[in-house]
Amino acid sequence: MSDENVACLDSWGDGWARGDSAIIYRLLDDSYLFSGLPNTEPVDKRNMKMFWVGFRSGIEEAGGPKAVSSNFAMFKNVLRRMIEDTLVESGHWEIAGFGAGLYLCAARDGLSWEEYSMDDGAKSFQNQYTLNLWRERWSRGATADIVKLQDKDFTFTWMAGSAMEKVVPSSEFFDFFESFKAQAAAAGGPPVGSTDFMTFRNIILTQIGDTTVEIAGWQVPGFADSTYIVGARDNKLIWARV
């Protein structure tokens, strides 16, 4: 990962945490775009400062932090991935008293874009059908069918960014996922063989070059929930991080 892009996203996160538009604005690329929130038109760099004033005021009126508060937003379950020359970050966002959801943002010689979701809406993308199948097959716990979607070089990173991170190649995914389902069942999740295994929420998709990237929240009822980021190219899954 480029040190400059890592520093950019670190500073961006600090700006949001403090609600400090000056920190955020200094990072914006000329082609920057903010989008995704309900009833909010996309915002470019030129209009960001004016947008932010109204944004903070509207959040205060809706029950969120006061417009002058420096304790504004929180992020968790953060994942980062280099895609070509772009560093993409995803995770959960929350503004206390206002709302929560998922986000994607990207840095390449500055902050390129950020996209947010508070619902399940999704546009049409090159590899969207494959990603729809990915979710449908995970929801059923259909291990063999999931493997069929994977490129031969596919890697699945479990507990990404933690001390327990494990990278699983496609050749080992079947055994890994069957073991995961058994562990979930033993811990109070769906019984082995259940076709109601996993649910999804707050799905965001974006296109970076020839790779379609999806981020969403997942839940195995009675067991665990978090977020994931997955990439698809040429209608095959090429990587996923959870």
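## Close-up views of a predicted model

**View 1. Strands β5 and β6 pair side by side.** Strand β5 (residues 99–107) and strand β6 (residues 111–117) run antiparallel, joined by 6 bridges. This is a predicted model. One pair to look for is L102 and its bridge partner in β6, S117.

**View 2. The sheet around β5 and β6 is open.** Its 6 strands follow the order β2-β1-β6-β5-β4-β3. The pairing is mixed. Which strands form the edges? They are β2 (43–44) and β3, and each pairs on one side only. Helix α1 (residues 3–18) packs on this sheet. The helix touches β1 (28–35), β3, β4 (86–95), β5 and β6. The direction of α1 makes about 45° with that of β6.

**View 3. A hairpin joins β3 and β4.** The two strands pair in the antiparallel sense over 8 bridges. R81 has V88 in β4 as its bridge partner. Between the strands lie 2 residues. E84 sits in the turn and has a positive phi of about 55°.

**View 4. A salt bridge links D85 and R108.** Side chains of opposite charge can pair when their charged atoms come close. Here the closest N and O atoms of D85 and R108 are 3.7 Å apart. Why does this pair tie together separate parts of the chain? D85 lies in the loop between β3 and β4, and R108 lies in the loop between β5 and β6, so the pair ties together parts that are 23 residues apart in sequence. The structure has a count of 13 salt bridges.

**View 5. The second largest cavity has a nonpolar lining.** Rolling a probe the size of a water molecule over the atoms shows where empty space is left. This cavity has a volume of about 40 Å³. Its lining residues are W16, F34, L37, F55, W93, I95, F98 and Y116. By class, 8 are nonpolar, with no polar and no charged residues.

**View 6. Another open sheet has β8 and β9 at its edges.** This sheet has 6 strands in the order β8-β7-β12-β11-β10-β9. Its pairing is mixed. β8 (166–169) and β9 (199–208) each have a single partner strand, so one side of each is left without a neighbour in the sheet. On average, neighbouring strands are turned by 20° against each other, direction ignored.

**View 7. Strand β7 pairs with β8.** Strand β7 covers residues 150–158. It runs antiparallel to β8, with 4 bridges between them. Which residue stands opposite K166 of β8? The residue is W158.

**View 8. Helices α4 and α6 pack on the sheet that holds β7.** Helix α4 (residues 128–140) touches β7, β9, β10 (211–220), β11 and β12 (236–241). The direction of α4 makes about 160° with that of β9. Helix α6 (residues 170–186) touches β7, β8 and β10. The direction of α6 makes about 40° with that of β7.

**View 9. The largest cavity is lined by nonpolar residues.** The structure holds 2 cavities of 30 Å³ or more. About 60 Å³ of space lies in the largest cavity. Which elements give two or more residues to its lining? They are α4 and β7. The lining consists of W134, W138, F156, W158, F180, M198, F200, W218, Y228 and V242. By class, it has 10 nonpolar residues, no polar and no charged ones.

**View 10. The second largest pocket has both nonpolar and polar residues in its lining.** Its volume is about 160 Å³. The lining residues are N77, L79, W158, M159, A160, W218, S226, T227 and V242. By class, 6 are nonpolar, 3 are polar and none is charged. β3 (74–83) and β11 (224–233) each supply at least two of the lining residues. W158, W218 and V242 line this pocket, and these residues also line the largest cavity.

Notes
Residues numbered from 1 in each chain as written. Predicted model: local features only at pLDDT ≥ 70, side-chain atom pairs only at ≥ 80, totals over all residues. Heavy atoms only, no water. 1 Å grid on protein atoms, 1.4 Å probe; cavity = no way out; pocket = protein on both sides within 12 Å on 5 of 7 lines; lining within 4 Å. Points joined across faces, edges and corners; volume = space filled by probe spheres on them. Nonpolar A, V, L, I, M, F, W, Y, C, P; charged D, E, K, R; others polar. Pairing = 2+ DSSP bridges. Axes fitted to C-alpha atoms, helices over the stretch in contact; angles between N-to-C directions. Contact = heavy atoms within 4.5 Å. Salt bridge = Lys/Arg side-chain N within 4 Å of Asp/Glu carboxyl O.
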